[in-house]
Structures are given as C-alpha cells and as structure tokens.
Amino acid sequence: MDILQQVKATIRKHRMLEGGEKVLVGLSGGPDSVCLLWVLRALRQELGLQGLWALYVEHGIRPRQETQEEVAFCQALCQALELPFEHRVVDVPAYAKAEGLSLQEAARVLRHQALQAHMVALKAHRVALGHNADDQVETFLMNLLRGSGARGLTAIPPVRGHIIRPLIETPRATIEAFLQERGIGYLTDPSNLKQRYLRNRIRRELIPVLRRFNPRLTETVLRSTELLSDEERYLESTTLKALMRLICRRQEGLVELFLSPLESLDRVLQRRALRHALQATKGLRNIQYGHIEEILRLIALGSPGDRLYLPGGVRVIRQYATVLITTRPPVRLAEHTLEVPGEVGLPEAGLRLRASLLEAPPPEWPNGRKKALLDAELLSPPLLVRSRRPGDFFYPAGFGRRKKLQDFFVDEKIPRDERDAVPVVLSGSDIVWLAGLRADERFRAREGTKRFVLLELGP
C-alpha cells in the first residue's frame with residue numbers, strides 16, 4: 001500500500017475527516033510534517049477539503065538563526081505548494097518557569113495553544129499533526145518504562161478533539177522513502193540527535209534491540225495500542241456512569257464522593273473515579289500512582305476527620321459518609337463586631353453568632369461548645385470575632401491554666417486547615433470563647449453570677 005492509500009485508510013478508520021473540513025497543519029520543516037502537508041495537498045480533492053493552511057510555532061528555545069532558517073524553509077515550501085503559511089512565536093522558557101514545567105512539556109502546551117488559536121482565527125475544523133507509527137512505538141515504550149497505567153500505554157491518540165494525526169499508522173521509513181522518491185527536501189531537528197532525551201535513547205538504543213526479537217515491532221505495538229484504546233474507552237465510559245452515583249457534591253475546586261458506593265467498586269474503577277475527582281479540583285498537575293493509593297488507604301483505614309495533604313494544595317478529608325477532595329484554601333475569618341444583645345454573620349465560614357443578655361441562667365447550662373454562658377459583668381461589649389493570630393492564648397474552661405491556641409488546637413486534634421475557621425470571640429484583648437470548642441475559664445458564668453450573656457454558634 002502506498003503512502004496516499006495508507007493515509008486515506010487511517011483517516012477513514014478513525015473518522016478523522018468526513019468531507020468539507022478546513023485543516024491547519026502544524027509545520028516544523030521536519031520530514032513528518034513536510035510529508036503530511038504534501039499528502040493532504042495531494043488528497044485535497046479526494047478528502048473534500050475546503051481549505052488547507054500551515055503554521056510554524058517558534059518556541060524560543062533554540063538559537064534564533066536555526067529557527068529563522070526553518071521559518072524561511074517552511075515559507076518557501078508553502079509558496080511552492082500554493083498554500084497559506086503563518087509563523088507564531090511563543091516564550092517556552094518563561095512559561096516553563098512560571099508553571100513549573102519541563103521545557104518539552106511547556107513547548108507542547110504552548111504549541112497546542114498556538115495551533116488552537118490559529119485554527120479558531122481561520123475558522124478551520126481540524127489541526128493535523130505529523131506523528132507517525134514510530135513515534136507511537138517510542139511513546140508506548142517511554143510510558144511503559146515510566147510505569148504508566150493502561151491509559152498511558154494507549155500512547156498517542158489518532159484523534160483527540162479537533163486534533164488529527166493522519167500519519168499515525170505510517171512508519172518513518174515509509175515517510176522518508178516517499179520524500180526521497182519525489183525529491184522533496186526537509187530539515188532535521190538537531191535535538192533529535194541529543195542522547196540526553198529519553199525518546200532519542202529509546203529510538204537509537206532500545207528499539208534496534210527489540211526488533212531483533214520481533215522484526216514486526218511497529219505493527220505489534222500499533223495493534224496493542226489500538227486494543228488498549230478500545231478497552232480504555234470502555235473503562236472510561238463505565239467510570240463516568242459510576243461517578244453519577246458517587247458524586248455527592250461538586251463545586252469549583254471541590255468534589256465530594258459517597259463512601260458507600262465507592263468502597264464497593266472494583267479497585268480499577270476506584271482508581272479511575274479518584275483520578276477524575278483529583279482532575280476536577282485542578283490542583284495536581286501530575287497525578288501519580290502513589291497519590292491514588294494514598295487516598296485509597298485513607299478511605300480503607302482512616303477515621304472520620306483524617307486527612308491527606310497532596311501537592312498542589314490538594315486536601316483529601318475522610319468524613320463519616322463521604323470523602324472530600326478539595327483545593328479550596330482554608331477559610332479565614334475577617335474581623336466582625338458582635339453587639340450584646342445582637343447577631344452577626346460569618347459568611348466566610350457559613351456561620352452565625354448570636355449574643356443574648358439574660359437575667360437568669362437557662363434551665364440547662366451549656367457545655368461551651370455550640371453555646372457558651374458568660375458573666376455579663378466581666379465583659380466589655382461590643383465583642384470582637386476573628387480568626388486566630390500568632391501568640392493568641394486563653395484559659396480553657398476546666399483546665400485552669402493559660403494555654404496557647406496553637407497548643408490547644410493540637411491537643412484537640414483540630415486539623416490545621418480548619419483552625420483559621422474557628423471563630424475567636426474577644427472582649428477587649430481577652431479571648432472569652434473559642435466558638436464551637438471551649439469557653440474561657442475567667443469569663444464563664446458561675447453560681448452567683450447576676451447577669452448572663454448566652455453566646456450561640458449556628459449555621
């Protein structure tokens with residue numbers, strides 16, 4: 001099968017084009033993208049393409065002279081083929097530094113963004129990239145060596161959204177033979193020769209050895225990635241159906257899952273559901289196997305209130321009936337004034353504080369958690385409500401001695417991401433109540449108190 005027939009078969013098999021589309025080709029000047037441009041131009045009428053463009057994305061990594069030569073080459077090629085050509089510059093080093101990415105990953109992200117933006121500007125329908133069958137084999141082996149799961153072993157998808165890869169089933173040797181037979185020139189990226197890149201070492205050292213064991217390595221890997229892709233689609237569909245039963249609450253930066261159905265799922269679906277939940281919080285840039293296993297251990301062995309702190313500001317909190325995954329920053333209260341009598345809202349925490357002035361104690365004296373009964377004669381209203389501050393201390397009721405809030409929170413096992421949400425109520429500069437936890441011994445009402453202030457914490 002010649003290359004034109006091969007590409008047509010790949011396009012039909014993966015339904016890359018239906019006819020009538022406008023296509024933007026990512027052109028680097030290398031053999032793959034040059035071949036792709038030539039092939040799509042040759043098949044333009046058969047495929048029913050309504051437009052064909054090319055875009056070169058300059059990453060700002062390599063010497064300017066090298067990239068200028070590539071731009072000139074690509075421009076001349078497109079002039080010869082009578083196709084429109086554009087050139088865009090992106091700042092990969094700056095983006096990599098700002099986002100904490102490798103140069104290669106940053107280049108991939110910015111390249112795709114530039115292609116997407118130009119596609120939209122042209123009102124095109126697809127972006128065509130030049131990945132070939134050998135790229136597929138190399139990616140498969142890279143992910144295998146890194147310990148990737150089944151999703152990683154599907155390697156490079158032939159179609160992802162608006163991106164298509166018509167050469168994904170065409171070997172590199174076939175591409176180079178096509179260009180040589182027709183006398184079509186192309187450029188060689190010098191980075192492809194550098195041994196420090198894992199892909200280059202796999203290409204030059206590992207694959208030749210593997211081909212001694214299996215001369216049809218490319219065909220075998222392509223078949224495996226296709227089977228894995230089909231299974232991945234099935235598992236993904238099953239996971240999404242399971243998530244419909246699992247999700248208790250989903251908001252910006254927060255996903256809460258019911259524990260009961262989650263614990264009954266097969267381990268495969270548990271991992272996938274948790275990966276989806278982590279992705280939805282947009283905290284972890286690179287979700288690793290260990291992150292998922294830590295969450296599973298928390299679910300299986302943890303107690304309500306136990307939590308896990310992951311990179312990217314992700315907190316996983318095991319609750320009584322749910323597990324909460326969030327990147328929302330911990331709540332910190334603003335300063336509020338509480339009149340006596342009076343009421344004040346604490347919108348940051350979704351709470352309200354109420355103060356009542358009583359001439360006699362209530363029938364049942366509160367325990368100081370959700371309600372506190374204080375001696376009105378010892379207070380200097382209005383009261384101040386705020387979050388904790390460094391150096392804060394009080395005299396916990398029943399304890400009798402001064403204690404730093406930091407030490408009190410540790411002893412009471414209050415998670416550190418919840419401590420700033422505890423309302424601290426002050427009279428003047430003295431703490432009189434940690435709302436929801438404990439009153440101050442110095443200010444609590446006793447036998448003989450004549451006037452009372454009842455403080456209540458509620459939603």
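**Close-up 1. The hairpin of strands E9 and E10 in the predicted model.** Three residues lie between E9 and E10 in this hairpin. One residue of the turn, Gly312, has a positive phi of about 75 degrees. E9 spans residues 307-310 and pairs with E10 in the antiparallel sense, over four bridges. Among the residues involved, Arg307 has Ile317 of E10 as its bridge partner.

**Close-up 2. The hairpin of strands E10 and E11.** Here, too, the connection consists of three residues. E11 covers residues 322-326, and four bridges join this strand to E10, the two running antiparallel. Ile317 has Leu324 of E11 as its bridge partner. Ile317 is also the bridge partner in E10 of Arg307.

**Close-up 3. Burial of strand E10.** Strand E10 comprises residues 314-318, and five of the five are buried, so the strand is largely enclosed by the rest of the structure. The cut-off for buried is under 20% relative accessible area. Both faces of E10 are covered. On one side are Val314, Val316 and Arg318, all buried. On the other side are Arg315 and Ile317, likewise buried.

**Close-up 4. The open sheet of five strands.** The strand order in this sheet is E12-E16-E19-E20-E21, and the pairing is antiparallel. At the edges are strand E12 (336-338) and strand E21 (438-439), each of which pairs on one side only. Within the sheet, E16 (residues 383-386) and E19 (residues 424-427) pair in the antiparallel sense through three bridges. Leu384 has Leu426 of E19 as its bridge partner.

**Close-up 5. Packing of helices H5 and H6.** Two packed helices are described by the angle between their axes and the distance between the axes. For H5 (residues 92-99) and H6 (residues 103-122), the angle is about 110 degrees and the axes are 9 Å apart. The two helices are therefore roughly perpendicular to each other, as the range for that class is 65 to 115 degrees. The crossing of H5 past H6 is right-handed.

**Close-up 6. Residues in the contact between H5 and H6.** H5 contributes Val92, Pro93, Tyr95 and Ala96. From H6 come Leu103, Ala106, Ala107, Val109, Leu110 and Gln113. Sorted by class, the residues of this contact are nine nonpolar and one polar, with no charged residues.

Technical notes:
Residues numbered from 1 in each chain as written. Predicted model: local features only at pLDDT ≥ 70, side-chain atom pairs only at ≥ 80, totals over all residues. Heavy atoms only, no water. Buried < 20%, exposed > 50% of the residue type's maximum accessible area, 1.4 Å probe, protein only. Pairing = 2+ DSSP bridges. Axes fitted to C-alpha atoms, helices over the stretch in contact; angles between N-to-C directions. Parallel < 35°, antiparallel > 145°, perpendicular 65-115°, else oblique. Left-handed = near helix turned anticlockwise from the far one by under 90°. Contact = heavy atoms within 4.5 Å. Nonpolar A, V, L, I, M, F, W, Y, C, P; charged D, E, K, R; others polar.
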